[in-house]
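Visitor: I would like a close look at one part of this model, please: the sheet and the helices around it. Take it step by step.

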Amino acid sequence: MDRTEIRRLIALEDTHWWYRERRAILRRELRGLGRPGRALDVGAAGGGNTRVLVEAGWDATATDQSETAVRMAKERGLKAVMADARALPFEPGSLDLVTAFDVLEHVHEDHQVAAEIARVLAPGGHALIAVPCDMALWSAHDDAVGHVRRYGRESLTVVVEQAGLKVDRVWSWNVLLRPLVARYRRHSQGSDLRRMPLLVNAGLSAVIRAERYLPVESLKGVSLFLKARLRN
């Protein structure tokens with residue numbers, strides 16, 4: 001993701017329905033992990049998810065390969081280091097949690113990223129991963145934001161398991177809005193990252209929040225979430 005996209009993301013993430021609901025998912029998953037420890041947010045951009053980790057009591061560090069992203073994360077008061085996700089500057093077994101939201105799809109060597117996540121996790125440590133799903137949804141948006149691929153459940157699981165992690169759960173997200181997203185992206189000319197009218201943003205927020213209460217996680221969505229842990 002280039003500097004322009006990073007700045008656009010940072011400007012939007014506090015209010016945009018997509019990022020707000022993903023932070024809600026992260027908060028929910030953190031509640032099930034027990035006592036907070038050391039965490040790493042890979043591909044953190046400006047640190048929106050890193051802030052959630054800190055607020056939940058984790059000793060969290062943001063990493064990104066963009067100098068712009070790291071600088072802006074630090075300006076927000078977060079610990080941040082510039083790093084390539086394929087070579088994380090952390091000791092083996094030194095972390096209790098690694099989050100990687102919208103990272104693997106940007107890297108040709110996604111298996112190396114998964115292997116690095118496994119390397120830095122302590123035994124029993126957890127990984128939370130989010131990726132765009134289904135190549136049938138490929139569009140100009142994917143090209144604009146630097147995606148290499150979109151994933152299926154099986155392809156994502158294979159990458160993670162081959163790294164030595166045990167997958168606990170894989171689920172779909174943004175299921176209810178998938179038809180709208182698919183139709184919109186067929187005619188899109190670039191990135192979806194843009195500010196929305198307040199009423200549109202509120203309406204989409206209401207729809208995506210409804211997924212918290214509906215049994216739709218096994219259906220096709222726009223994104224996949226995966227929770228895994230390093231075997232003891």
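Visitor: Which strands does helix α7 lie across, and at about what angle does this helix run to β6?

Guide: This is a predicted model. Helix α7, residues 153-162, lies across β5, β6 and β7. Its direction is at about 155 degrees to that of β6. An angle over 145 degrees counts as roughly antiparallel, so α7 and β6 are roughly antiparallel.

The strands under α7 belong to an open sheet of seven, ordered β3-β2-β1-β4-β5-β7-β6, with mixed pairing. Its edge strands are β3 (79-82) and β6 (165-173), each of which pairs on one side only. From one strand to the next the twist averages 15 degrees. Elsewhere in the sheet, β1 and β2 pair in the parallel sense, over five bridges. One position can be given for β2: there, A60 is the bridge partner of A39.

A second helix, α5 (residues 110-120), lies across β4, β5 (121-132), β6 and β7 (223-230). Helix α5 runs at about 150 degrees to β5.

Next come α2 and α3. Two packed helices are described by the angle between their axes and the distance between the axes. For α2 (residues 17-31) and α3 (residues 48-55), the angle is about 30 degrees and the axes are 10 Å apart. The two helices are therefore roughly parallel to each other, and α2 passes α3 in a right-handed crossing. On the α2 side the contact is made by R22, R23, L26, R27 and L30, and on the α3 side by G48, N49, V52, L53 and E55. By class, this contact has four nonpolar, two polar and four charged residues.

Helix α3 also links this pair to the sheet. Its buried residues are G48, N49, T50, V52 and L53. They pack against α2 and against three strands, β1 (38-42), β2 (59-64) and β4 (95-101). Just after α3, G57 takes a positive phi of about 100 degrees.

Among the α2 residues in the helix contact, R22 merits a separate look. R22 is buried, because its relative accessible area is 5% and the cut-off for buried is under 20%. Leaving aside neighbours within four places in sequence, R22 is in contact with N49, F101, D102, A130, W173 and F225. N49 is itself one of the buried residues of α3.

Technical notes
Residues are numbered from 1 along each chain as its sequence is written. This is a predicted model: local features need pLDDT of at least 70, side-chain atom pairs count only at pLDDT 80 or more; totals for chains, interfaces and linings use all residues. Side-chain values use heavy atoms; hydrogens and water are left out. Axes are lines fitted to C-alpha atoms, for helices over the stretch in contact, and angles run from 0 to 180 degrees between N-to-C directions. Helices (H or I, at least four residues) and strands (E, at least two) are DSSP runs, numbered from the N terminus. Angles under 35 degrees count as roughly parallel, over 145 as roughly antiparallel, 65 to 115 as roughly perpendicular and the rest as oblique. A crossing is left-handed if the near helix is turned anticlockwise from the far one by less than a right angle, and right-handed if clockwise. Contact means heavy atoms within 4.5 Å. Ala, Val, Leu, Ile, Met, Phe, Trp, Tyr, Cys and Pro count as nonpolar, Asp, Glu, Lys and Arg as charged, and the others, Gly among them, as polar. Buried means under 20% relative accessible area, exposed over 50%, partly exposed in between (1.4 Å probe, protein chains only). Two strands pair if DSSP finds at least two bridges between them.
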